[in-house]
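Student: Got a minute to go through this one with me? I'd like to start with the ligand and then move on to the empty space.

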Amino acid sequence: MDERRKVDEKSKQEQLDEFRQDPEREYLTTNQGVRVSHTDDSLKAGERGPTLLEDFHFREKLTHFDHERIPERVVHARGSGAHGYFQVYEPMTEYTRAAFLQDPGKKTPVFVRFSTVVGFRGSADTVRDVRGFATKFYTEEGNYDLVGNNMPVFFIVDAIKFPDLVHSIKPEQHHQMPQASAAHDTFWDFVGNLPEITHMIMWVLSDRALPRSYRMMDGFGVNTFRFVNAEGKARFVKFHWRPLLGVHSLVWDETQKIAGKDPDFNRRDLWEAIEMGDYPEFEFGVQMIEEADEHNFDFDILDATKIWPEEEVPIRWIGKMTLNKNPDNFFVETEQVAFCPANVVPGIDLSNDPLLQGRLFSYLDTQLIRLGGPNFQEIPINRTLAPAANNQREGYNRMTINRGESSYFPNALGENKPRPATAKEGGFVHYQEKIEGKKIRARSEKFNDHFSQAKLFWNSMSDAEKEHIVKAFHFELGKVSDSEVRKKVVDLINNVDGDLAIRIAEGIGVPPPAEKGASSGTKKSPNLSQERTVMDTIKSRKVAILAMEGYNHDEVMQVKQALKDAGAHPQIISQFHGMVRSADGKEIEVDKSYVTTTSVVYDAVYIPGGMHAETLKNQGYAIHFVNEAFKHCKPIGAIGEGIELLKASGIKGVAFVDAGSGGEAVSEMGVVTCGSQGDVNSFVEQFKTAIARHRHWDREKKEQVPA
Ligand code: HDE
């Protein structure tokens with residue numbers, strides 16, 4: 001066994017343990033370890049006198065506090081992290097020599113940071129935005145970072161335009177508004193002037209930009225990389241993550257409300273899921289293209305504004321990542337973690353994708369300032385498990401105590417160590433690609449088809465998804481004050497789909513394009529639609545149970561238990577915290593009260609039977625709860641008298657069974673009802689099916705709900 005593999009036996013968690021400090025220490029001390037006797041008053045000249053400079057405890061405490069903030073990331077400032085591990089399903093030896101992709105029995109530690117892109121560090125989670133999905137694999141051959149997003153394409157083809165993109169989408173220069181939103185003039189001005197952005201705009205205006213959970217979104221490496229095997233044979237690859245819970249989204253109205261009610265919604269969801277043992281799981285996939293086929297596609301495979309359609313290049317699912325531990329300290333781990341697409345290990349190599357090439361420079365560069373100098377790799381979360389050994393020395397905050405007098409290579413004084421490794425010894429040898437060309441600022445012609453894949457995406461959407469995209473355009477462009485900017489975007493979209501351009505124009509007060517755009521294709525790639533995602537589980541879904549005095553206890557216990565057994569998290573909601581009494585004098589504990597929660601943070605709602613319905617149907621809160629859940633297309637279940645609340649809440653267009661009837665439950669558009677004499681088991685089964693579907697978009701056709 002070579003030296004690197006031995007090191008891997010020490011897990012990342014063990015490495016981090018060396019830095020963990022629990023609050024078990026008895027006495028308060030200064031940073032010099034001197035015990036402090038008093039920390040409520042500063043040292044003064046007399047009881048009412050001035051504070052003395054010699055108060056070293058006061059000065060140290062304030063000085064540290066004064067320097068507690070570091071610059072936030074220029075993009076992806078707001079994020080949430082988790083630890084876990086990765087396992088490959090089968091040896092990938094044929095394609096890559098990367099050690100962590102060889103042995104299915106091996107668990108490689110990982111740290112993942114999910115993020116929004118545009119908002120500042122304290123902004124809300126549920127804004128319309130791309131989500132970052134960055135993974136650090138602590139492999140035995142060094143750190144490998146896959147710094148991806150939850151959308152497979154990007155706004156621009158060349159990193160040189162990144163500052164322009166980010167300047168346009170961030171709050172405007174003069175008044176620093178709006179926060180965490182693309183819905184303003186400068187962004188859409190940029191869009192209208194940059195046709196290459198069109199495909200990504202379709203993604204950003206789709207439901208993908210509103211994930212229900214970080215645990216329920218895809219991840220993509222976006223850029224083109226290479227796998228290289230031990231013989232030096234290379235293939236182009238794209239990387240994918242897919243969540244085992246499926247890809248699910250919130251609805252726009254809901255995201256805006258959550259941004260106020262619980263701005264930490266996605267962060268809280270990730271944290272709580274891990275605490276409860278609902279460990280997020282993602283499968284890892286690769287698409288591979290042989291070098292010989294590099295030019296055999298309609299698009300350039302180095303163009304990050306293009307996907308490799310699955311129909312042309314299938315995805316092979318090769319492993320799984322499980323996130324099973326929350327960080328102990330947000331700042332030290334999640335804030336200080338530093339990812340970089342240039343952090344690759346032998347067996348994974350780069351490509352000439354011009355977006356990737358620019359990224360290789362930017363991450364390290366920005367981290368040098370953000371993390372205070374060139375030694376940030378020594379921060380515990382960034383340390384490699386394979387020991388780092390080189391001749392880099394000194395600089396701010398150097399931690400490693402290098403021994404010996406030499407810090408150069410070659411040397412005789414230090415026996416010529418550390419020395420470069422051959423490929424056989426695990427040295428990273430860059431793939432030897434033949435390059436010939438003129439030094440020019442240009443791109444290859446194939447990059448210039450900006451509309452076919454935007455159209456492919458549009459064609460692949462379901463009717464409901466299409467409607468959401470149109471509405472998103474109405475909102476985003478509706479917020480743009482300059483009508484010329486709005487018009488230009490409509491003209492741009494006319495190149496994708498003439499009807500779409502007309503539908504957008506209708507909602508934003510600009511004339512439709514003079515000539516309806518020629519359609520850029522009828523092809524579909526069905527898996528681009530979220531309609532095809534996993535819809536057979538209710539694991540980790542939050543179900544609200546509305547209960548007031550007089551609820552039907554046995555029924556609630558039966559339904560609650562069945563939901564729990566299927567992995568969901570039912571919660572009792574009542575007017576006040578404490579206990580609530582049932583019709584037969586039993587009691588149940590209230591989890592959340594009317595003032596501490598709201599329908600928008602639940603996935604489904606169930607209204608049990610019992611006399612409590614008389615109270616519920618006269619409570620604005622309960623009526624609004626159900627009404628809003630209906631508007632947001634969430635599964636709703638009601639039994640017996642509970643059905644009265646559905647009626648009181650103004651839900652129309654759905655047939656309910658009679659409150660007092662018997663027989664099987666009835667499910668229509670995700671509204672499941674069962675009479676008081678009915679079969680509760682059939683209710684549970686149908687309610688579970690409705691929850692697993694996540695949302696019931698056919699209700700959106702019924703715009704009559706006022707919530
Ligand atoms: Fe990033 N990006 N980016 N990016 N990116 C950063 O690095 C940059 C791009 C992504 O949780 C920054 O440490 C350039 C694509 C994620 O810490 C910065 C370009 C993708 C994160 C930077 C891109 C990403 C970043 C800011 C070329 C998806 C958060 C702070 C157009 C594949 C990582 C930092 C974390 C962060 C530059 C484009 C993903 C400024 C120049 C494409 C997930 O270096």
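**Ligand, pockets and a sheet**

Tutor: Sure, starting with the ligand: a polar side-chain atom of R73 sits 2.7 Å from one of the ligand's oxygen atoms. A polar contact here is a pair of N or O atoms within 3.5 Å; within protein, one must be able to donate a hydrogen and the other to accept it, and residues adjacent in sequence count only if both atoms are side-chain atoms.

Student: Before we go on, what sort of model is this?

Tutor: This is a predicted model, where local features need pLDDT of at least 70 and side-chain atom pairs count only at pLDDT 80 or more, while totals for chains, interfaces and linings use all residues. Residues are numbered from 1 along each chain as its sequence is written, and side-chain values use heavy atoms, with hydrogens and water left out.

Student: OK. Which side chains lie close to a nitrogen atom of the ligand?

Tutor: H76 has a polar side-chain atom 3.4 Å from a ligand nitrogen. For Y363, a side-chain N or O atom is 2.7 Å from a nitrogen atom of the ligand.

Student: And what holds the iron atom on the protein side?

Tutor: Y363 is its only protein donor, through OH at 2.0 Å. Donors are N, O and S atoms within 2.8 Å of the metal (3.2 Å for Na, K and Ca), and water is not among the atoms, so sites may look incomplete.

Student: Where is Y363 in the fold?

Tutor: In helix α10. Helices (H or I, at least four residues) and strands (E, at least two) are DSSP runs, numbered from the N terminus. Helix α10 also gives the largest share of the shell around the ligand, 6 residues.

Student: How many residues surround the ligand?

Tutor: 23, and the closest are R73, R113, R359, Y363 and Q367. A residue is near a molecule if one of its heavy atoms lies within 4 Å of it. By class the shell has 12 nonpolar, 8 polar and 3 charged residues, with Ala, Val, Leu, Ile, Met, Phe, Trp, Tyr, Cys and Pro counted as nonpolar, Asp, Glu, Lys and Arg as charged, and the others, Gly among them, as polar.

Student: Switching to empty space: how much is in the second largest pocket?

Tutor: About 1500 Å³. On a 1 Å grid over the protein atoms alone, a pocket is an open set with protein on both sides within 12 Å along at least five of seven lines, a cavity is a set of points where a 1.4 Å probe fits but cannot get out, and lining residues have an atom within 4 Å of a point. Grid points are joined across faces, edges and corners, and a volume is the space filled by probe spheres set on the points.

Student: Which residues lie nearest the centre of that pocket?

Tutor: N31, H64, N329, F331 and V332, out of 45 that line the second largest pocket. Helix α3 supplies the largest share of that lining, 5 residues. The lining splits into 17 nonpolar, 15 polar and 13 charged residues.

Student: How many cavities are there?

Tutor: 5 of 30 Å³ or more. The largest cavity holds about 120 Å³, and among its 13 lining residues Q530, E531, M535, H694 and W697 are closest to the centre. The second largest cavity is about 40 Å³, with V118 and F155 among the residues lining it.

Student: Last one: what order do the strands of the open sheet take?

Tutor: The 7 strands run β15-β12-β11-β16-β17-β20-β19, with mixed pairing. Two strands pair if DSSP finds at least two bridges between them. Strands β12 and β15 pair in the parallel sense over 2 bridges.
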